[in-house]
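Subject: The two-chain model, handed over

Hi there,

Here is the structure I promised to pass on to you. Have a look at it first, and then read on for what turned up when I went through it.

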Amino acid sequence: MSASRASSSKPIAIVAVVAIASGLLAWIIWSVMEAKSDSSGTRETRNTVVTPTSPGQIDVDNHAWKPAEVPVGMLAEYYDHITEHTPPRDPSGAMQRRERFYRAPGDPFALLESRLARDGPDAALWEKVQAWRQKWTAGREVEPSRDPRLPPGVMIRPSRAPPQDLGELANVDQLAAQSSLAAQALLDIGRAFDFLVGDEAATVWIRAALVKAQTEYDKTQPGDPAAAGFLRELDQTRALWRLNDYPSLEQRFSLAIRLYPALSVESRRAGCLHATALYYQGRSEEAADAILKVWDQDKQAGDLGALEKGDFGEMDWVTGLYLFSSRQYARAVPYYQDFLKTDDNRKRMGAQMFASCLTQLGRPEEAERIRHQYGLPRPATRPVRRPATQPAPG
Amino acid sequence: MMVPHSYLKRTKACLPPLGVLRIFVHRSARCNLSALLLLCALLPLRASGQDAIVAQLNSRDGENVGRAVDQIQAALAANPQQAVDQLNNAWMAALLRAGQNQAVEEFATKGTLAVAADTWRIEQLQKHRITALLAEHKPQEALHAAKGLFNVCGMGFTKDALPILVDCLKAANPNDPSLIPKFKLQVLANAQEDPAERQRLLAKYDGNSVMESILADPGPYGEAIAKRANITDYRGLYGTGNLLLMSGRIKEAHDVFMKVYQIAPPGELKYASEGIAKLIKAEEGGLGKANQFVMSIRPKS
């Protein structure tokens, strides 16, 4: 009897021990997991109760919010992160990080009213702005032209658009440049006008700011923090790209080259963009000189390709292009040779231009070899035209 | 003149990765016969590098266009997420070119309901829907949708949502040209990050009266919101919050996004925080306080 009871209680005891052991094990595992999540901050995140101060109102100063990088909401497309991301490039979002310095532009009318004097160019400027503003607030000023076939919010491409009728605002840039307003204030007004009226109205103020900055920062040393605010606002002038305003872009990047610390990434990127602005004005020779200068600086800094290996291909490409366009074929050759060694996906185009350089240099066999290597067609032989001695009828 | 920088490279990178094919491959894996047939029909065109549906829509042939619309319908039912991506990449633009505005409206709403938690997808769908509404001469509806878009959009999209809202406001109020400057000045005032300056400028420019006068877009989402009442997971709630924002039901959205923030898995903190930012944007009808929040939570580096 007792033997049978003992034999029947044995499995129960085993089950009980196993149950207790597994319970213990589960508790240990849970404790370890909890400790882990505590150290990674997970628990805190989940258990934090964020209480708004009043219903429907979020307390932005509540310290329970966890740190997070969220993009800022902008009034208009102020930055150009793609075009302006030139070598030395940083694919980790370096251009987007510029938005950390974004602040909404202030009220331009209040700013003008508070800072302009009551006489001289200041008074004349205020008078013009007031006259324009009256019409604008009444809805009588022309808004930027839009192609009705385009989706809402999409403006007609400036190159195809008729110039916007800015009325009294049209020639304000000269007055603004003569006024007592600082360059940074003018840029801020430009950003406000970009949202309120459009790119053309914005560039009136940006152009004035660029002129003003030439003298205002004339004696400023590279890297002087006094220019930091101005440079950050200068980054927000995408309107100039949209309007293909290359003379102003040239001025913008000249200033940036000078005001950023020598050999800094920002200064060299500005150097590339300065060359681009020259190239688009048909000044290929100057563009080539400018980009070769940047090459020298890149060599001194020694960081080209450190974060983006395509930097070399990009630099070879633009240098070859600017030299080719300025008919400096012999100087372009090594850049195209180097370019064809990269894995850039414009190789065929590069090979075509390289072959053209060789042809121009009287090396047709080598040109043919390159065309053959890249499967390019032979250049079409055009019949030689006699120059017309008489103007064509009509 | 030749373009100096890597624009070509970037353009290529922007192309849809696999296009329409991927959607139907996925469907065929589920042994959906009709999808499999559709895949067979699409293969030759895909092979030639052209989207079959876009080609049909571009054909200007009524039958072809009708067939394309049916195919999009089927794709949306089978794999909404991928169909929405295709809609945003190519199909919506082709539908608009083909004058299929009602189809655009329908697909935008269906797509929005299907991917309600994905703000970036909704932004594009709604943009197309607003274009269709304007093309159909429904400026009031377009305006409501544009307000809904402003409410729901991520912070990075506000620079796109605002001009859309301005265009719709203009279309809905053709006889009041002074409304646009007034609206813009109020938006500028409300965009100030400094609370005192924001209040001062709002007082100067008659408050936020124009934005507040624009109603959002409750019609298309009411039923779906009601059906989602029992959803409690992070993504599900985020979707409900988005639909509430688009509907203009901001107080309800408030509770939902607060809950979303509390239950957000660690990897979703950024997106959940953006949910709070856009909630503030919708509550305030402007950007200033939302940006104030964005700046306050920015990691100190």
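Let me start with the fold of chain A. Among its contacts between residues at least 6 apart in sequence, 62% join residues at least 24 apart. The secondary structure of this chain comes to 16 helices and zero strands, and 37% of its 394 residues count as buried.

Please keep in mind that this is a predicted model. For chain A the average pLDDT is 84, with 76% of the residues scoring at least 70. Over residues 30-55 of chain A the pLDDT is below 50, and this stretch has 21 contacts in the model beyond near neighbours in sequence. Residues 155-160 of chain A also stay under 50 in pLDDT, and for them the model has twelve contacts beyond four places in sequence.

Chain B is helical too, with 18 helices and zero strands. It has 301 residues, of which 53% count as buried. If you take the contacts in chain B between residues at least 6 apart in sequence, 59% of them join residues at least 24 apart.

Now to where the chains meet. How many residues does each chain bring to the contact? Chain B brings 62 residues and chain A brings 46 residues. On the side of chain B that touches chain A, the elements giving two or more residues are α1 (7-14), α8 (119-135), α10 (158-172), α11 (179-190), α16 (250-263), α17 (269-284) and α18 (288-297) of chain B. The one that gives the most is α17(B), with ten residues. By type, the residues on this side of chain B divide into 33 nonpolar, 14 polar and 15 charged.

Two of those contributing helices deserve a closer look. The first is α11(B). Its twelve residues should span 16 Å at 1.5 Å a residue, and its end C-alpha atoms are indeed 16 Å apart, so expectation and model agree. This helix is mostly covered, with ten of its twelve residues buried. The buried residues are B:Ile180, B:Pro181, B:Phe183, B:Lys184, B:Leu185, B:Gln186, B:Val187, B:Leu188, B:Ala189 and B:Asn190.

The second is α16(B). Here the 14 residues should span 20 Å at 1.5 Å a residue, which agrees with the 20 Å between the end C-alpha atoms. Its buried residues are B:Ala253, B:His254, B:Val256, B:Phe257, B:Val260 and B:Tyr261. They pack against α15 (234-247) and α17 of chain B.

What about the interior? In soluble globular proteins, nonpolar side chains tend to be buried together. In this model the largest nonpolar core has 173 residues, and those with the most contacts inside it are A:Leu186, A:Trp205, A:Ala275 and B:Ala146. To follow one of these on screen, try B:Ala146: leaving aside its neighbours within four places in sequence, B:Ala146 is in contact with B:Ile130, B:Ile164, B:Leu165 and B:Cys168.

A few spots in the backbone may also catch your eye:

- A:Pro87 and A:Pro88 are joined by a cis peptide bond, with omega about -5 degrees. A:Pro88 sits in the loop between α2 (42-47) and α3 (108-115) of chain A.
- A:Leu263 is not a glycine, yet has a positive phi of about 70 degrees. You will find A:Leu263 in the loop between α10 (246-259) and α11 (265-280) of chain A. Because A:Leu263 has 14 C-beta neighbours inside 10 Å, this residue counts as partly exposed.
- B:Asp206 likewise has a positive phi of about 70 degrees without being a glycine. B:Asp206 belongs to the loop between α12 (195-204) and α13 (209-213) of chain B. Is B:Asp206 buried or exposed? With 12 other C-beta atoms within 10 Å, B:Asp206 is exposed.

Finally, a look towards the end of chain A. A:Gly375 is found in the segment after α16 (364-373) of chain A. A:Gly375 is exposed, with 8 other C-beta atoms within 10 Å. Between the C-alpha atoms of A:Gly375 and A:Ala185 the separation is 56 Å, and these residues are 190 residues apart along the chain.

Happy to go through any of this together.

Best wishes

Definitions and conventions. Residues are numbered from 1 along each chain as its sequence is written. Chains are lettered from A and ligands numbered from 1 in the order in which they are written. This is a predicted model: local features need pLDDT of at least 70, side-chain atom pairs count only at pLDDT 80 or more; totals for chains, interfaces and linings use all residues. Two residues are in contact if their C-beta atoms, placed from the backbone, lie within 7 Å. Helices (H or I, at least four residues) and strands (E, at least two) are DSSP runs, numbered from the N terminus. Ala, Val, Leu, Ile, Met, Phe, Trp, Tyr, Cys and Pro count as nonpolar, Asp, Glu, Lys and Arg as charged, and the others, Gly among them, as polar. The expected span of a helix is 1.5 Å times one less than its number of residues. A residue is buried if 20 or more other C-beta atoms lie within 10 Å of its own, exposed if 12 or fewer, and partly exposed in between; C-beta atoms are placed from the backbone. A nonpolar core is a set of buried Ala, Val, Leu, Ile, Met, Phe, Trp, Tyr and Cys residues joined through C-beta atoms within 7 Å. pLDDT is the predictor's confidence in each residue, from 0 to 100.
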